[in-house]
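Colleague: I am new to reading protein models. Could you walk me through a few features, one at a time?

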Amino acid sequence: MRLALEEARQAGRGGDVPVGAVVLAEDGTTVLAAGHNEREATGDPTAHAEVLALRRAAAEVGQWRLAGCTLVVTLEPCTMCAGALVQSRVDRVVYGARDEKAGATGSLWDVVRDRRLNHRPEVIEGVLAGECAGLLTDFFRAR
């Protein structure tokens with residue numbers, strides 16, 4: 001999560017909402033890829049930290065299936081990102097702060113654990129939640 005927090009800080013410095021993500025290999029320690037929000041920087045509405053990290057991880061391993069991998073992200077994924085997590089077949093999602101307004105891995109919706117879908121990653125929430133939430137609070141206060 002500390003690496004994801006550093007990614008989030010990079011996003012905030014660039015004017016994007018400070019969210020960072022890291023994809024870990026099956027061993028749980030090897031970083032395959034990282035990303036942070038780049039919507040403002042690129043003008044791309046899909047440039048969320050999770051999507052960018054998943055794309056980079058898939059490129060690193062040479063395939064779209066990220067079975068065995070873990071995505072670590074500072075903020076609970078939205079519906080778009082939750083869908084991408086299901087489609088990428090990651091084994092687990094670890095996130096820091098809950099997103100009561102747009103979260104899709106347990107708070108507002110629970111896309112990743114919907115029994116109608118063919119893949120349901122494990123979800124671990126609340127890792128360094130205070131620090132993750134603090135970055136967001138500081139960012140929006142300054143705006």
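Modeller: Gladly! Let's begin with a word we will need: contact means heavy atoms within 4.5 Å. This is a predicted model, in which local features need pLDDT of at least 70 and side-chain atom pairs count only at pLDDT 80 or more, while totals for chains, interfaces and linings use all residues. Residues are numbered from 1 along each chain as its sequence is written, and side-chain values use heavy atoms, leaving out hydrogens and water.

Colleague: How do I read a helix, and what covers the buried residues of H5?

Modeller: Helices (H or I, at least four residues) and strands (E, at least two) are DSSP runs, numbered from the N terminus. Buried means under 20% relative accessible area, exposed over 50%, and partly exposed in between (1.4 Å probe, protein chains only). In H5, which covers residues 129–142, Cys132, Leu135, Leu136 and Phe139 are buried. Seen down the axis of H5, these buried residues fall within an arc of 90° (taken from the directions from the helix axis to the C-beta atoms), so they line one face of the helix. Their cover includes helix H1 (2–13) and strands S3 (70–75) and S4 (92–97).

Colleague: Which exposed residues does the face turned away from the buried side of H5 carry?

Modeller: Gly130, Arg141 and Ala142. As for length, the 14 residues of H5 reach 20 Å from first C-alpha to last, close to the 20 Å expected; the expected span is 1.5 Å times one less than the number of residues.

Colleague: What about a charged residue such as Asp16: which side chain of opposite charge is nearest?

Modeller: We count Lys and Arg as positive and Asp and Glu as negative, leaving out His and the chain ends. A salt bridge is a side-chain nitrogen of Lys or Arg within 4 Å of a carboxyl oxygen of Asp or Glu. Asp16, in the loop between H1 and strand S1 (20–24), is buried yet has no salt bridge, and the nearest opposite charge, Arg39, is 5.0 Å away. Its side chain does have backbone partners: a polar atom of Asp16 lies 3.0 Å from the backbone nitrogen of Arg39, and the side chain of Asp16 reaches the backbone nitrogen of Ala41 at 3.3 Å. Asp16 also touches Phe139, among other residues, and Phe139 is one of the buried residues of H5.

Colleague: How many salt bridges are there by this rule?

Modeller: Ten. Within helix H1, Glu6 and Arg9 sit three residues apart, about one turn of the helix, and their side chains meet at 3.8 Å, N to O. Arg98 has two partners to look at: Glu100, with closest N and O atoms 2.9 Å apart, and Glu125, also with 2.9 Å between the closest N and O atoms. Arg98 lies in the loop between S4 and S5 and Glu125 in strand S5, so this pair ties together parts that are 27 residues apart in sequence. Shared partners also join Arg2, Glu6, Arg9, Arg13 and Glu131 into one network.

Colleague: One last feature: what is phi like at Arg89?

Modeller: Most residues other than glycine have a negative phi. Arg89, in the loop between helix H4 (79–88) and S4, has a positive phi of about 70° although it is not a glycine. Leu128, in the loop between S5 and H5, is another case, with phi near 50°.

Conventions. Polar contact = N/O pair within 3.5 Å; in protein donor to acceptor, adjacent residues only side chain to side chain. Lists of a residue's contacts leave out its neighbours within four places in sequence.
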